[in-house]
Structures are given as structure tokens and as C-alpha cells.
Amino acid sequence: MPFGVDEAGKGPALGSMFAAAVHCEDPAALPDGIADSKRLAPERREELAATIREDDRVRVGVAEITPARIDDPETDMNSLAVAAHAEAIGGALKDLDFEPGGSDGDTLEADAVESAPITGLCDACDTDEDRFARRVREACTSLPSTSDSLSDALEIEARHGADDESPIVGAASVVAKVERDAHVAALADRVDGYESVGSGYPSDSNTREFLSSYVDEHDDLPPFARESWSTCEDLLAEARQTGLGRF
């Protein structure tokens, strides 16, 4: 598979979700030790992500889905995961030239598209793998940056657990997780008096403590919270009910 795609941050109550696509014609160009990013130490993930990005044989695309997009009542997380995968693929493939007559290694002859499709594998974010793959491909073809020739060439599969089975998807998993980790580390800088917000996941006691403290102090959620998440809704409702009880 010349490109792989994965996301990080689908379930947290704080911050954005990220998706990364990694395109590489030669699997040997990928660094050793790639696996599902959740099984790697943060320092190792950062080393691998840097190696991937520094290699001229590898193209990387990253998409960010902000809390504002996540909280939009007109969408849902499955649709946003589709959009994130497609936008990341668009970023990774945007420099590929499909016009005939090119002379560099990044060019594919237009008449060779049928015999050399651009294939990719996504870590499925839907219970129906085929449906997810189909939706991602459709979303890719609707991107403004996607040419007709690229649309014709794209062949996308999706599998559960692809981040653990496929090195190219594992590479995308690493890049996405490093992007998400850097994003979360910077969130505390946006609010005064807090050194950390934890991982952003509802199961994280540090995140729950931060949210509870922030809501108690401000009677509102932090600007990077996913307001539609039940964790955030419940905390805010509880704080406001407590405030009413004081009168």
C-alpha cells in the first residue's frame, strides 16, 4: 500500500482530533520499529515521526478537526473521521503530478493510471470497513485539490486494526499521535494557572480534575473543550446547579 491513514484523538473531551496520511512507494524507506502508536513510548513516537518527516521519499499529510467542528450538531464523529482521513490523504498526495510526460519520480503517466492505481489503507473508524473506505474515497474526490486523474486512480481499503498490521498505517498512526500530543501539551498555555490538562480523555483523572477546577472557577468550559461531550455537559450542568443552590 503506497499510503496509509490513521487518526488520533477521536474520543477525548478536550482538543482536536488529528488524522495523518503517509505516502511511501518503497516500504523499506520507513524506519524500523513502527507499530501502533499507542504501544510506543512518547519519546520513541517523536523520534519516529521526525524520521518519517525528514525522509524525502515519504510524503505526509495532516488534518485537524477542531472542537468547533466536532460540536457542530449537523455532523457526527464517523463523518468527521471520514473528512479527517480524506483531508490528510489530500495533503499527502497534493504534490503528486498525474500529467503525462513528466520526467521526475513524483510523476505518473496519465495512461498508466489504470495499471498503476494509487492504493491506500485506512484504519477503519466505522463498524463497516467497506462503507468507511467508500466514504473516504468519495470525500477525497470532492476535495478541491483532487484532480480528475487522481480521483480515477484512487483505490482505498479500510481495515480494523490496520495500524497494528500495516507498517504504512503504523507510520500514519505515529504521526497523528505526535500531532495530537503536541496539541494537548499546548492547551494548558491557553488558560492561566494550569500547568497541564492531562491527556484530554474523560478516563484521565488529571483531565477530570482540570475540567472540574476550571468549571468551578469560571462557571464555563475551557475554550478547547468539546462542549457536546457528556463529560463536559455534565460538569457544567452540575456546577450551575450548585451555583443556583447557593441562593
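I started with E7 in this predicted model and looked up its burial: at 18% relative accessibility it counts as buried, because the cut-off for buried is under 20%.

Next I asked where E7 sits in the fold. I found E7 in strand 1, which covers residues 3-8.

Then I listed the partners of E7, skipping its neighbours within four places in sequence. The contacts of E7 are M17, F18, A19, H85, C125 and A176. I also checked the polar side of things: a polar atom of the E7 side chain lies 3.4 Å from the backbone nitrogen of K10.

What made me pick E7? I had looked at the UniProt record, an unreviewed entry, which lists D6, E7 and D123 under "binding site". I wanted to know how these three sit in space: they span 118 residues in sequence, yet no two of their C-alpha atoms are more than 7.9 Å apart, so they gather at one spot.

On to D123, then. I located D123 in strand 4, residues 118-123. Is D123 buried or exposed? I read a relative accessible area of 10%, so D123 is buried.

I pulled the contacts of D123 too, not counting residues up to four places away in sequence. D123 touches D6, another residue of the UniProt listing, along with V5, H85, F132, R159, H160, G161, A162, D163 and V169. I noted that H85 turns up in the contacts of E7 and in those of D123.

My last lookup was the side chain of D123, which reaches the backbone nitrogen of G161 at 3.2 Å.

Methods:
Residues are numbered from 1 along each chain as its sequence is written. This is a predicted model: local features need pLDDT of at least 70, side-chain atom pairs count only at pLDDT 80 or more; totals for chains, interfaces and linings use all residues. Side-chain values use heavy atoms; hydrogens and water are left out. UniProt positions are given in the numbering used here, feature names are shortened, and annotations may be inferred rather than shown by experiment. Helices (H or I, at least four residues) and strands (E, at least two) are DSSP runs, numbered from the N terminus. Buried means under 20% relative accessible area, exposed over 50%, partly exposed in between (1.4 Å probe, protein chains only). Contact means heavy atoms within 4.5 Å. A polar contact is a pair of N or O atoms within 3.5 Å; within protein, one must be able to donate a hydrogen and the other to accept it, and residues adjacent in sequence count only if both atoms are side-chain atoms.
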